[in-house]
Amino acid sequence: MNLFFLISIYSSMNFKLKNGMFGFSGENLTKRLRAKGFQTMLRQEIGWFDDHKNNVGTLCTRLAVEASAVQGVIFHLLYFLFLNALHY
């Protein structure tokens with residue numbers, strides 16, 4: 001019984017560490033994507049901001065939503081690759 005208890009403790013700690021590291025790397029990726037997107041927006045010509053597709057609300061929404069969507073896709077892809085690597 002003690003062996004099963006130790007294995008469950010180890011498994012629980014490993015699970016928390018793995019998810020924490022994936023979360024940390026995903027947040028760093030999102031931060032970098034938003035910073036690069038914002039830098040790219042600031043380098044546009046003045047006329048680019050006059051287009052109704054590039055108003056302030058749309059640009060802020062784009063920074064918030066698209067970076068998070070990319071982070072979600074990358075997180076799930078890396079997570080499943082990591083799980084498959086453990087099984088083989």
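## A tour from the nonpolar patch inward

Select Leu33, Val70, Ile74, Leu77, Leu78 and Leu81: together they form a nonpolar patch on the surface, with about 480 Å² of accessible area. Keep in mind while looking that this is a predicted model. Now colour residues 56-87, which are helix 2; this helix gives the most to the nonpolar patch, with five residues.

Stay in the patch and pick leucine 78, one of its members. Leucine 78 lies in helix 2. Is leucine 78 buried, exposed or partly exposed? Its relative accessibility is 41%, and buried means under 20% while exposed means over 50%, so leucine 78 counts as partly exposed.

**Zoom out to the whole chain**

Show the protein as a cartoon. There are two helices and zero strands. The radius of gyration is 20 Å, well over the 12 Å that the globule rule gives for 88 residues, so the protein is more spread out than a compact globule. Turn the view to the principal axes, along which the C-alpha atoms fill a box of roughly 70 × 20 × 15 Å.

Switch to a surface display. About 7400 Å² is exposed, and carbon and sulfur atoms supply 69% of that area. What share of the 88 residues is buried? Buried residues make up 14% of them. As for contacts between residues at least 6 apart in sequence, 71% join residues at least 24 apart. The next three stops each pair a buried residue with what lies far from it along the chain or in space.

**Alanine 67**

Select alanine 67, in helix 2. Its relative accessibility is 8%, so alanine 67 counts as buried. Which residues does alanine 67 touch, not counting those up to four places away in sequence? They are Thr30, Leu33, Arg34 and Arg62. Of these, Leu33 was also selected at the start, as part of the nonpolar patch. Then add leucine 29 and draw a C-alpha to C-alpha distance from alanine 67: the two are 8.4 Å apart in space and 38 residues apart in sequence.

**Glycine 26**

Move to glycine 26, found in helix 1. With a relative accessible area of 6%, glycine 26 is buried. Add glycine 72, which is 46 residues away along the chain; the C-alpha atoms of the two glycines are separated by 7.8 Å.

**Lysine 18**

Finish at lysine 18, in helix 1, which runs over residues 2-42. Lysine 18 is buried yet has no salt bridge. Where is the nearest side chain of opposite charge? It belongs to glutamate 27, 18 Å away. To see what does surround lysine 18, select Tyr79, Phe82 and Leu83: these are its contacts once neighbours within four places in sequence are left aside.

Terms used
Residues numbered from 1 in each chain as written. Predicted model: local features only at pLDDT ≥ 70, side-chain atom pairs only at ≥ 80, totals over all residues. Heavy atoms only, no water. Patch = residues over 30% accessible without salt bridge, like charges linked within 9 Å, V, L, I, M, F, W, Y side chains within 5 Å. Areas by Shrake-Rupley, 256 points an atom, 1.4 Å probe, with all protein chains shown as cover. Salt bridge = Lys/Arg side-chain N within 4 Å of Asp/Glu carboxyl O. Helix = DSSP H or I, 4+ residues; strand = E, 2+ residues; numbered from the N terminus. Buried < 20%, exposed > 50% of the residue type's maximum accessible area, 1.4 Å probe, protein only. Rg over C-alpha atoms; globule rule 2.2 N^0.38 Å. Contact = heavy atoms within 4.5 Å. Lys, Arg positive; Asp, Glu negative; His and termini not counted.
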